[in-house]
Amino acid sequence: MNWFQKLSSSRPAASGLEWTLWRKLPLITLVGTLLPLAVLALVHLLAHPEASAAEARWLLMIDYVVGGVVIFHWSMVATVAIGCVIVMVMKGPGYVADGYRVSHSDRPRTAMESDEEAADYRLPQTPGQPE
């Protein structure tokens with residue numbers, strides 16, 4: 001059974017912003033991770049070695065904020081990557097879908113239909129198409 005039978009009349013759409021973003025995502029991830037970590041390293045280098053309790057709490061708070069910023073950045077990069085993949089798939093070629101007529105599309109049924117009635121609503125198989 002061929003699950004991926006392309007439609008002969010479809011053609012893929014031209015690529016756009018999704019490929020540009022996709023190619024830049026590793027750089028965006030790296031810069032977005034290293035920049036907050038560099039600021040954190042600078043803050044720790046400039047801090048007094050014998051910090052008071054208030055300064056130690058402030059440094060710990062900065063550590064947590066930078067960790068949150070980095071994780072937030074990673075989640076945004078992952079979201080953009082998922083969006084890029086979705087757009088790439090949607091711009092690709094069209095595929096044949098199995099058609100199925102709905103038996104009660106215009107008027108709802110009051111009772112369940114039998115197997116024979118349901119078989120009458122199936123689309124006929126085209127020659128050469130697998131079941």
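**Figure 1. The whole protein and its surface.** The protein exposes about 10,800 Å², with 67% of that supplied by carbon and sulfur atoms; accessible areas here come from the Shrake-Rupley method with a 1.4 Å probe, and for residues only the protein chains shown count as cover. Keep in mind that this is a predicted model, where local features need pLDDT of at least 70, side-chain atom pairs count only at pLDDT 80 or more, and totals for chains, interfaces and linings use all residues. Residues are numbered from 1 along each chain as its sequence is written, and side-chain values use heavy atoms, with hydrogens and water left out. There are 3 helices and 0 strands, and from the N terminus on the elements run α-α-α. Helices (H or I, at least four residues) and strands (E, at least two) are DSSP runs, numbered from the N terminus. Of the 131 residues, 12% count as buried. For that label a residue has to be under 20% relative accessible area, while exposed is over 50% and partly exposed is in between (1.4 Å probe, protein chains only). Among contacts between residues at least 6 apart in sequence, 70% join residues at least 24 apart, a contact being heavy atoms within 4.5 Å.

**Figure 2. Close-up of the salt bridge between Lys 91 and Glu 18.** A search of the whole structure turns up 1 salt bridge, meaning a side-chain nitrogen of Lys or Arg within 4 Å of a carboxyl oxygen of Asp or Glu. Here the side chains of Lys 91 and Glu 18 meet at 3.3 Å, N to O. The pair ties together distant parts of the chain, 73 residues apart: Lys 91 sits in the loop between helix 2 and helix 3, and Glu 18 in helix 1. Glu 18 counts as buried because its relative accessible area is 7%. Lys 91 is at 26% relative accessibility, so this partner counts as partly exposed.

**Figure 3. Close-up of the nonpolar surface patch.** Trp 19, Trp 22, Ile 82, Val 85, Ile 86, Val 89 and Met 90 make a nonpolar patch of about 710 Å² on the surface. Patches are built from residues with over 30% relative accessible area and no salt bridge; like charges are joined within 9 Å, and nonpolar side chains (Val, Leu, Ile, Met, Phe, Trp, Tyr) within 5 Å. Helix 1 and helix 2 each chip in at least two residues, with the largest share, 5 residues, coming from helix 2. Trp 19 belongs to helix 1 and, at 31% relative accessibility, counts as partly exposed. Over in helix 2, Ile 82 counts as exposed, with 53% relative accessibility. The C-alpha atoms of Ile 82 and Trp 22 are separated by 9.7 Å, although these residues are 60 apart along the chain.

**Figure 4. Close-up of the start of helix 1 and its partners along the chain.** Helix 1 covers residues 17–46, and Leu 17 is part of it. With a relative accessible area of 61%, Leu 17 is exposed. Its C-alpha atom is separated by 9.5 Å from that of Val 87, 70 residues apart along the chain. Thr 20 is in helix 1 too, and it counts as partly exposed, at 37% relative accessibility. Thr 20 and Cys 84 are 9.4 Å apart in space, C-alpha to C-alpha, with their positions 64 residues apart in sequence.

**Figure 5. Close-up of His 73 and the residues it touches.** His 73 lies in helix 2, which takes in residues 53–90. Its relative accessible area is 18%, so His 73 counts as buried. Leaving aside residues up to four places away in sequence, His 73 touches Ile 28, Thr 29, Gly 32 and Thr 33.

**Figure 6. Close-up of the negative patch around helix 3.** Asp 115, Glu 116, Glu 117 and Asp 120 gather in a patch of negative charge on the surface. For the bookkeeping, Lys and Arg count as positive and Asp and Glu as negative, while His and the chain ends are not counted. Each charge is placed at NZ of Lys, CZ of Arg, CG of Asp or CD of Glu. Asp 115 is found in helix 3, residues 115–120. This residue is exposed, with a relative accessible area of 65%.
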